[in-house]
Every structure is written in C-alpha cells, then in structure tokens.
Amino acid sequence: MTLQQRLTQLTAMHLNHLCTKNAPHVLQQQMTMHMTNSEKVLAFRRKMGLPVSPTPTLLSSEQASYFARFIMEELSEYLRACEENSLVDAADALVDLVYVTMGCSHAMGLPFDQLFNVVHEANMNKEPANDYIRSLRGSQYDVVKPMGWQAPEAMMLAIIQTEQQKAKP
C-alpha cells in the first residue's frame, strides 16, 4: 500500500473525528505514525522553513558550526541528566540528539535512512570486544572490527554519488 493510499484510508477512517476540536491533531498523529523518523524530521524542517538540500552537499562553515554546537548542547544535556539521575531528561536529550543529527543530514541533502542501513549492516558484522585489551576505548561494552571487516564508506559514497546524479538536469 502506498503512502497516498494509506493517507486516503486514514482520512476515511477518521472523518467522524473531523468535527471535534482535536481532529486535526488526531489525523496528524495517524499520518505520522507510518513515517520513518527521518521522514518526520524532514516534515518538521519543511514546516519550520528550515533549509533542506535537494542534493548531498557539505554545509557552510557557519551551518556546520551551528549544528556542531547544537549537537554538543544536546550531548551535554544527556550527561547532565545522567549525573542528576533523571531517566526522562536523559531520554529526552538522546531523542533530541538524534533529531538534531537527522536535521543536519537533511540540511546536507543526505539520504539518511539509506546511509543508516549501510552503516547498520557494517556494524552487524563487528564482534563484541569481550575484554579491555581488545577494546579501543578500554571498555567491556565495546565492539571491534574482526579480520576481513568491510568499512561502509565505499557503499556510502556510491549512494551519495547516485543521489547527486539524480539531481543533475
């Protein structure tokens, strides 16, 4: 079922709600429920009039600095929440961190979901460090790249170049 067909179906299912005060909110919730998180962030950026690049590109120094500061702010909020033993604030900071990072990827015109899948596949081929010696970070919670592990960058480059070619006239 296409997104358009699903939206049509949801609209029909919720017509009786359209007369209530909360109807637009309920309909919006139903529509976004079937979007990926990346699509939700893209919808937010468009609604707010924030930049979305039509093709993969690096940000200007000013834009890159803005996102770096914003990401560091959210990371600091996460650390503060952990120090204060606030699970809700830690969860909020983590979601905000991902939201800002996805927003940055949209500002750069990156196909986030595709790139995420490539990195995920590469990560799934890693192994638990199992000890402090194998860990590059000195942690029992670390994972390591086994012999023959394939880095995701070549596949990521191919995806980015394909997206850049699509944008050419």
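Asp142 counts as buried, because its relative accessibility is 8%. This is a value from a predicted model. The side chain of Asp142 meets that of Arg137 in a salt bridge, with 2.6 Å from N to O. Arg137 sits on the other side of the accessibility scale: at 64% relative accessibility, Arg137 counts as exposed. The pair therefore joins a buried acid to an exposed base.

**Salt bridges**

How many salt bridges does the structure hold? There are two. One is the Arg137 and Asp142 pair. The other links the side chains of Lys166 and Glu163. Lys166 and Glu163 share helix α7, which covers residues 153-167. They are three residues apart, about one turn of the helix. Lys166 counts as exposed, because its relative accessibility is 58%.

| Salt bridge | N to O distance |
|---|---|
| Arg137 and Asp142 | 2.6 Å |
| Lys166 and Glu163 | 3.0 Å |

**A buried acid without a partner**

Glu74 is also buried, yet Glu74 has no salt bridge. Which side chain of opposite charge is nearest to Glu74? It is Arg80, 8.3 Å away. A salt bridge needs the nitrogen and the carboxyl oxygen within 4 Å, so Arg80 does not qualify as a partner at 8.3 Å. Glu74 belongs to helix α4, residues 61-83. What does Glu74 touch beyond its neighbours within four places in sequence? The contacts are Ala93, Asp96, Leu97 and Val100.

**From Glu74 to the core**

Val100 ties this site to the nonpolar interior. Setting aside neighbours within four places in sequence, Val100 is in contact with Glu74, Phe67, Phe70 and Ile71. Val100 and Phe67 both belong to the largest nonpolar core. That core has ten residues in all. The other members are Leu59, Cys104, Ala107, Met108, Leu110, Leu115, Val118 and Ile159. Two elements give two or more residues to this core: α5 (87-107) and α6 (112-124). The largest share, three residues, comes from α5.

**The surface**

Some nonpolar side chains lie at the surface instead. Phe44, Met48, Leu50 and Tyr99 make a nonpolar patch of about 340 Å². Phe44 is part of helix α3, residues 37-48. Is Phe44 buried or partly exposed? Phe44 counts as partly exposed, because its relative accessibility is 34%. For the protein chain, the accessible surface comes to about 12,300 Å². Carbon and sulfur atoms account for 60% of that surface.

**Asn123 and Lys145**

Asn123 lies in helix α6. Its relative accessibility is 37%, so Asn123 counts as partly exposed. Lys145 is 22 residues from Asn123 along the chain. Their C-alpha atoms are separated by 8.4 Å.

**The chain overall**

The protein chain has seven helices and two strands. From the N terminus, the elements run α-α-α-α-α-α-β-β-α. Of the 169 residues in the chain, 27% are buried. Consider contacts between residues at least 6 apart in sequence: 53% of these join residues at least 24 apart.

How values were computed. Residues are numbered from 1 along each chain as its sequence is written. This is a predicted model: local features need pLDDT of at least 70, side-chain atom pairs count only at pLDDT 80 or more; totals for chains, interfaces and linings use all residues. Side-chain values use heavy atoms; hydrogens and water are left out. Helices (H or I, at least four residues) and strands (E, at least two) are DSSP runs, numbered from the N terminus. Buried means under 20% relative accessible area, exposed over 50%, partly exposed in between (1.4 Å probe, protein chains only). Lys and Arg count as positive and Asp and Glu as negative; His and the chain ends are not counted. Contact means heavy atoms within 4.5 Å. A nonpolar core is a set of buried Ala, Val, Leu, Ile, Met, Phe, Trp, Tyr and Cys residues joined through side-chain atoms within 4.5 Å. Accessible areas come from the Shrake-Rupley method with a 1.4 Å probe; for residues, only the protein chains shown count as cover. Patches are made of residues with over 30% relative accessible area and no salt bridge: like charges are joined within 9 Å, nonpolar side chains (Val, Leu, Ile, Met, Phe, Trp, Tyr) within 5 Å.
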